[in-house]
Amino acid sequence: DAVAFIPPSRYAGVPFWQPIRYESLTLPEDDKPVSSTRVAAEFENEVVDSSSESGEPSPFQPLASAAALLTRVRKESPNRIEGREPDIPRVVESWSRGRFLERMPRRLRKTWGRTLQVLIDRASRLAPYWDDQGHAVEVLRRVYPHNGLTIGVLPEGDREPLMFDADGRDTRESFPRLDANAAVLVLGDLGCLAPREQGATSFWCEMGRRLREQSITPMALLPCRVEHCPAELKRLWKVTPWESDWNTSGDPLSEADTNNAVQTVLTLLSFALRLEPQLIRCVRRMLELGRRDAGIEARVWMHPALMSRHHEAAALKPDQARVLDAGRSQLARDLRESVYEQVQAHHRANYDGVWRAEVLGLESESKAGLIDPRELRRSVEWFQQSLRELGQDRDVLNWHGRVLERLLPSAWHGPARGM
């Protein structure tokens with residue numbers, strides 16, 4: 001039978017064969033082979049509906065998924081081994097010179113190396129990324145053998161890290177440990193997000209030079225764009241952005257755009273009593289400018305409008321919250337609605353009273369249809385019931401007092417009046 005003509009562009013790119021028919025086949029999900037990139041699959045987090053009223057915590061949103069993180073680290077690894085793929089240019093060159101091949105040359109591929117020393121920078125400005133540091137260590141534990149992973153923790157202000165093994169036991173070793181094919185990976189900003197007058201990058205330049213002198217090529221996963229790094233740092237360190245799944249490929253933000261993004265995040269969250277790192281990340285990723293630089297989270301965290309910066313959450317100064325809140329109604333309606341949904345999901349999962357207090361200042365948004373009007377009524381009832389049932393508890397009374405003092409003025413002209 002005559003074979004129907006199929007345009008060449010429809011054929012699969014298979015060398016040395018002449019295909020006459022091309023059919024795309026898929027395997028049932030249960031029969032698909034497990035890829036090596038799925039080594040960290042159990043760390044992946046699916047995004048769930050954060051507007052649910054179940055009180056379930058919002059899923060952790062890392063700067064990079066487990067698979068993406070492993071790809072980045074291996075891509076920057078200085079170690080190379082022969083892979084399975086033939087090195088065709090070397091084969092052609094040998095044959096063209098009449099040389100006999102005793103063995104097939106293979107292309108070099110990047111590999112993890114035998115040991116990895118992870119250095120975690122615990123500077124307070126990096127608190128928005130502390131959970132990402134822990135996530136990265138857990139992912140790397142799945143790749144390296146137990147005796148091949150060493151973890152160093154550098155507390156703020158210290159110049160020498162505390163060293164631990166993969167199980168978190170103090171090794172009392174010095175940094176770095178000099179092993180064959182050892183690699184050093186820093187989870188931090190190399191001082192790039194610190195105020196320039198602090199000169200934080202000079203410490204990391206000095207460390208980079210020390211490692212280079214010991215024939216170690218250090219790597220760093222930056223929670224910001226690499227453009228923040230001075231040229232000297234980029235010469236000494238192999239730097240790569242931690243978050244590259246988002247819109248980080250465009251031009252870097254100007255200082256004005258960065259300040260605008262920081263101000264917008266703070267304005268959208270001006271009504272919130274708690275600003276958790278994950279909540280800041282959710283709001284940053286809602287903004288086109290915010291998606292271009294994860295370093296905005298550190299800028300928000302260090303903003304003078306914030307106080308009591310515990311690593312779990314910070315808070316806005318009441319007077320600064322009132323100033324910022326004046327501009328919230330000018331922002332896009334759908335953006336504000338998304339923020340309210342995220343704040344509700346984060347804070348109801350923590351303690352319902354936080355969201356109940358926050359919503360008291362959002363009566364105008366409830367009237368505009370951005371918040372369920374029943375939430376306002378439930379919040380008033382929640383406070384009234386709480387005071388009735390626990391009104392004699394001094395701790396509860398103190399909490400209510402502190403919270404009510406921080407309510408926005410709009411709350412006292414509406415549902416909170418008389419409480």
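Helices H7 and H10 run roughly antiparallel to each other in this predicted model. That pairing is a handy way into the fold, so to speak, and the angle behind it is about 160°, which lies over the 145 cut-off for the antiparallel class. The chain as a whole has 15 helices and ten strands, and of its 419 residues, 44% count as buried. Among contacts between residues at least 6 apart in sequence, 66% join residues at least 24 apart. The points below go from the helix pair to the salt bridges, then to some individual residues and the surroundings of H1.

**The H7 and H10 pair**

- H7 covers residues 277-286 and H10 covers residues 333-350, and their axes are 10 Å apart.
- The crossing in which H7 passes H10 is right-handed.
- On the H7 side, the residues that meet H10 are Gln 278, Leu 279, Cys 282, Val 283 and Met 286.
- On the H10 side, the partners are Leu 335, Ser 338, Val 339, Gln 342, Val 343, His 346 and His 347.
- Sorted by character, the residues of this contact comprise seven nonpolar and five polar ones, with no charged residue.

**Salt bridges**

- In general, side chains of opposite charge can pair when their charged atoms come close.
- With a cut-off of 4 Å between nitrogen and oxygen, the count comes to 26 salt bridges.
- One of them sits inside a helix: the side chains of Arg 141 and Glu 138 meet with an N to O distance of 2.2 Å.
- Both of these residues belong to helix H3 (residues 130-141), where they are three residues apart, about one turn of the helix.
- Arg 141 counts as partly exposed at 29% relative accessibility, and Glu 138 counts as partly exposed at 35%.
- Another salt bridge joins Glu 243 to Arg 285, with the closest N and O atoms 2.6 Å apart.
- This pair links distant parts of the chain, 42 residues apart: Glu 243 is in the loop between strand S8 (238-241) and helix H6 (255-268), while Arg 285 is in helix H7.
- Glu 243 is buried, with a relative accessible area of 3%, and Arg 285 also counts as buried, at 8% relative accessibility.
- Glu 365 and Arg 328 form a salt bridge too, and here the closest N and O atoms are 3.7 Å apart.
- Glu 365 lies in helix H12 (residues 363-367) and Arg 328 in the loop between helix H9 (318-325) and H10, so this salt bridge ties together parts that are 37 residues apart in sequence.
- Both ends of that bridge count as buried, with relative accessibility of 5% for Glu 365 and 6% for Arg 328.
- A network of salt bridges links Asp 132, Glu 243, Arg 281, Arg 284, Arg 285 and Glu 297.

**Residues with positive phi**

- Leu 190 is not a glycine, yet its phi is positive, at about 55°.
- The loop between strand S6 (182-187) and helix H4 (200-213) holds Leu 190, which counts as buried at 0% relative accessibility.
- Ser 215, likewise not a glycine, has a positive phi of about 65°.
- Ser 215 belongs to the loop between H4 and strand S7 (219-222), and at 70% relative accessibility it counts as exposed.

**Val 226 and its surroundings**

- Val 226 is placed in the loop between S7 and helix H5 (231-236), and at 22% relative accessibility it counts as partly exposed.
- Setting aside neighbours within four places in sequence, Val 226 is in contact with Lys 234, Val 239, Thr 240 and Pro 241.
- From Val 226 to Asp 293, the C-alpha to C-alpha separation is 9.8 Å, with their positions 67 residues apart in sequence.

**Helix H1**

- In helix H1 (residues 66-76), the buried residues are Ala 66, Ala 68, Leu 69, Leu 70, Arg 72, Val 73 and Glu 76.
- The elements that cover these buried residues include H3, S6, S7 and S8.

Note on methods: Residues numbered from 1 in each chain as written. Predicted model: local features only at pLDDT ≥ 70, side-chain atom pairs only at ≥ 80, totals over all residues. Heavy atoms only, no water. Axes fitted to C-alpha atoms, helices over the stretch in contact; angles between N-to-C directions. Helix = DSSP H or I, 4+ residues; strand = E, 2+ residues; numbered from the N terminus. Parallel < 35°, antiparallel > 145°, perpendicular 65-115°, else oblique. Left-handed = near helix turned anticlockwise from the far one by under 90°. Contact = heavy atoms within 4.5 Å. Nonpolar A, V, L, I, M, F, W, Y, C, P; charged D, E, K, R; others polar. Buried < 20%, exposed > 50% of the residue type's maximum accessible area, 1.4 Å probe, protein only.
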